[in-house]
Amino acid sequence: MAKIIVVTSGKGGVGKTTTSAAIATGLAMRGFKTVVIDFDVGLRNLDLIMGCERRVVYDFVNVIKKEATLNQALIKDKRTPGLFILPASQTRDKDALSMEGVQTVLENLAKDFEYIICDSPAGIEQGAQMALYFADEAIVVTNPEVSSVRDSDRIIGILQSKSLKAEQGGTVKEHLLLTRYNPERVASAEMLSVADVEDILAVPLLGVIPESEAVLKASNQGAPVILDQESEAGQAYLDAVSRLLGEDVKHRFLEVQKKGFLKRLLGGK
Amino acid sequence: MAKVCFQMKGTAFTAVVMDLQAYSADLFRAQLKQKIDTAPQFFNASPLVLNLASFEGQLEDEQLEHIVAVCREEGLQPIACRGATPELRYTVMGLGLASLPAAKTRSSEIPAEPVQAKVKQVEPEQTVAEPAPVVRPSKVITKPVRSGQQVYAEGCDLIVMAAVSEGAEVLADGHIHVYGPLRGRALAGVKGDTNARVFCRQMEAELVSIAGYFVMNEKLRELCWKEPAHAFLEGESIQVAVI
């Protein structure tokens, strides 16, 4: 049976799509057949981050409206074997998704895939609730900043009250992923620390992704940052995938790096 | 301009409701005495609403007059009668009581389930003789109360064994205990119980209220920020003390 994981945050712009792309790619790299679905109907982004925007013919809404089959809409990733993308529609809005339609699509995907990653839109409205409703697990993406933390708190409350699992009396397993973390700014008290965020949200920490230029570069090139294994962000996502698979991996990139003489001279990161 | 004599306001009072189920002159007085003896302080001069909605059979005018008289003798203050039949309504008003319509939600003891009906058949007198105990268990929450969530413990205490986040709200008719950090709003005694208190292990609340009186975050910051504390009402001001 496939595991459905929603990537959600409440707040926009914290790195949900970047994370969805990275985690899905990471799971496929580890040999799991994975599909990543863009639930952000009307603001299609995932295909850009995954670098498959020119190959989108049919989308999620077409499948729900039975205008295309699932196989016609699924895009096979060119870099990573076993990875597929189900893009969102750019011309429709979020009302085009229906609960029954989403359920049917997920049930059909569950027959073929081991992991289904749902990239949630921002907000707490219908679109976001649809993305999280069928989830078994949730990755809550948070920036170390008060408004993001509060929105995450809100979305966790919704996860535990308005998801199918919750309605059946179970719980959605939560993971906290802290992105855009900058140890230097934490040290100068400009940013919340990992401990602060963990204290407020009380959710197990899946990973901390350091703020990195590699993320923007990866997005613009249409290659998930996890493929850039030179970068700290890429390595941090690899660690997060390992932890998601139940491995015990030490957290990295939490401390201020002491710059060596050469590094200071070259000013590089 | 003339001085304003009064202001009209809507409010809610706490009152004892007596669900009258059956009536016999001797039994009624004896059982009422027995009940009052269990908590004399609580029942002393307590406002009383007589609920006739679940009365089996037809209550006579004289019987109602007797019931009200006995209640007054025993120190209760009957203020209203709920669910009286049209025939009884004049008697109710004649006794100086307000006549209220029957409650919309009928009490849970209406024999909808066959099990309850059976019990009643076996010992019909017993069901009348044994008033339900008033003890109510506290509501216990083991998971964090998140931003945007609201938890209300109706008619009892509330115990939260995790954090109450900023933007969350916990309410209780009784006391509130929070064993994680209290960062949201806590409102105890929301139905007017001035003896209600708020206890917490780490005070970081946005607002603490008891029976409608409240203190805000700024005041709490001065007094007991992030410390184990409890809040209680003294006269009309909330006292907050470190435990």
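Colleague: What makes β5 and β15 of chain B the edge strands of the open sheet?

Modeller: In this predicted model, 6 strands of chain B form an open sheet with mixed pairing, in the order β5-β7-β9-β11-β14-β15. Strands β5 (139-141) and β15 (237-242) of chain B each pair on one side only, and that is what marks them as its edges. From one strand to the next, the twist averages 20°.

Colleague: How do you know that strands β7 and β9 of chain B pair?

Modeller: Two strands count as paired if at least two bridges are found between them. Strand β7 (residues 158-160) and strand β9 (residues 176-182) of chain B share 3 bridges, in the parallel sense, so the condition of at least two bridges is met. Within this pair, Ile159(B) stands opposite His177(B) of β9(B).

Colleague: Why is the meeting of Arg183(B) and Asp199(A) called a salt bridge?

Modeller: The rule asks for a side-chain nitrogen of Lys or Arg within 4 Å of a carboxyl oxygen of Asp or Glu. The side chains of Arg183(B) and Asp199(A) meet at 2.6 Å, N to O, and the pair therefore qualifies, since the limit is 4 Å. Between chain A and chain B the count is 3 salt bridges.

Colleague: Which residues supply 47% of the area that chain A buries against chain B?

Modeller: The area buried between chain A and chain B is about 930 Å², with carbon and sulfur atoms giving 39% of that area. On the side of chain A, Arg150(A), Asp153(A) and Arg154(A) supply the 47%, which is more than any other three residues.

Terms used:
Residues numbered from 1 in each chain as written. Chains lettered and ligands numbered in written order. Predicted model: local features only at pLDDT ≥ 70, side-chain atom pairs only at ≥ 80, totals over all residues. Heavy atoms only, no water. Helix = DSSP H or I, 4+ residues; strand = E, 2+ residues; numbered from the N terminus. Axes fitted to C-alpha atoms, helices over the stretch in contact; angles between N-to-C directions. Buried area = accessible area lost by both parts, 1.4 Å probe.
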